[in-house]
Amino acid sequence: MDEFERLLKKYERIDKDGRIAEEEKGDEISYFTEGEQEEFVRIPKERIAVLIGKKGQTKKEIETRTGTRIEVDSETGEVFITSTKDTRDPLAVWKARDIVVAIGRGFSPGRAFRLFNEGETLEVINLPDIIIGNDKNALPRVRGRIIGRKGRTREIIEEMSGADVSVYGKTVAIIGNPIQVEVAKTAIEKLAKGSPHGVVYKYLERRKKDLELESSAYYEALERDFEEE
């Protein structure tokens, strides 16, 4: 059997004469084999319990909704995500990976589950990469500027951009559609580089006027693409 025939038999139903068989009513075809797709990430050990959840419910929900299998090494924080015979979405393994990373970066499962929605993305900013200067106190100071007194600055970024933001360790993680994420990321980078809060708030206020329209157009285009598939 040559390579083409091997792939054809793998991804399509073939009858005994080599013809593509008609799909039986109510019978779904799986385009993945066990473990064919896999991703590996490492999360902080203190976030493992949050990922697993009470009686394993959080991990189980991610596995069920994506059709993947998740294995967690509680000693190292290593997480392996693989496809299974139940995987239907070509992006399922990546989606599960992003949700795992989001929980590892400080999001609650409820907020991380926003990534189940079509068109939502995760962006993780490594603060040391954008902080100016070598002052050893720079990281705590920048984290404080982004969070704000009693978390108010972070809340304003979320309210004005529509994205969810988590400040954890040396990173800031953002969840939203690509437009929301870009606005929130710009605001965070401005704060990290020393821009006054007032200047950043004005930027957010200015962008908020266009965000609703741009986001609406984004989701409409996404829905059209989905209907055409």
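Biologist: What relative accessibility does Phe 80 have?
Modeller: This is a predicted model, in which local features need pLDDT (the predictor's confidence in each residue, from 0 to 100) of at least 70 and side-chain atom pairs count only at pLDDT 80 or more, while totals for chains, interfaces and linings use all residues. Residues are numbered from 1 along each chain as its sequence is written, and side-chain values use heavy atoms, with hydrogens and water left out. Buried means under 20% relative accessible area, exposed over 50% and partly exposed in between, with a 1.4 Å probe and protein chains only. Phe 80 counts as partly exposed, its relative accessibility being 37%.

Biologist: How many aromatic pairs does the structure hold?
Modeller: Rings of Phe, Tyr and Trp (its six-membered ring) pair if their centres lie within 6.5 Å, and planes under 30 degrees apart count as stacked, over 60 as edge-to-face and the rest as tilted. Phe 40 and Phe 80 form a tilted pair, with 5.1 Å from centre to centre and 40 degrees between the planes. Phe 40 lies in strand E1 and Phe 80 in strand E3, so this pair ties together parts that are 40 residues apart in sequence. The rings of Phe 113 and Phe 116, both buried, have their planes at 50 degrees and their centres 5.1 Å apart, so they too are tilted, and the number of aromatic pairs in the structure is two.

Biologist: Which strands stand at the edges of the open sheet?
Modeller: Helices (H or I, at least four residues) and strands (E, at least two) are DSSP runs, numbered from the N terminus, and two strands pair if DSSP finds at least two bridges between them. The open sheet has three strands in the order E1-E3-E2, with antiparallel pairing. A single partner strand serves each edge strand, so one side of each is left without a neighbour in the sheet, and these edge strands are E1 (38-42) and E2 (68-73).

Biologist: How many bridges join E1 to E3?
Modeller: Strand E3 covers residues 78-83 and runs antiparallel to E1. Glu 38 stands opposite Thr 82 in E3. The number of bridges that join E1 to E3 is five.

Biologist: How far apart in space are Arg 145 and His 197, C-alpha to C-alpha?
Modeller: Arg 145 is found in helix H6, residues 138-147. Not counting residues up to four places away in sequence, Arg 145 touches (heavy atoms within 4.5 Å) several residues, among them Leu 191, Pro 196 and His 197. Although Arg 145 and His 197 are 52 residues apart in sequence, their C-alpha to C-alpha distance is 8.1 Å.
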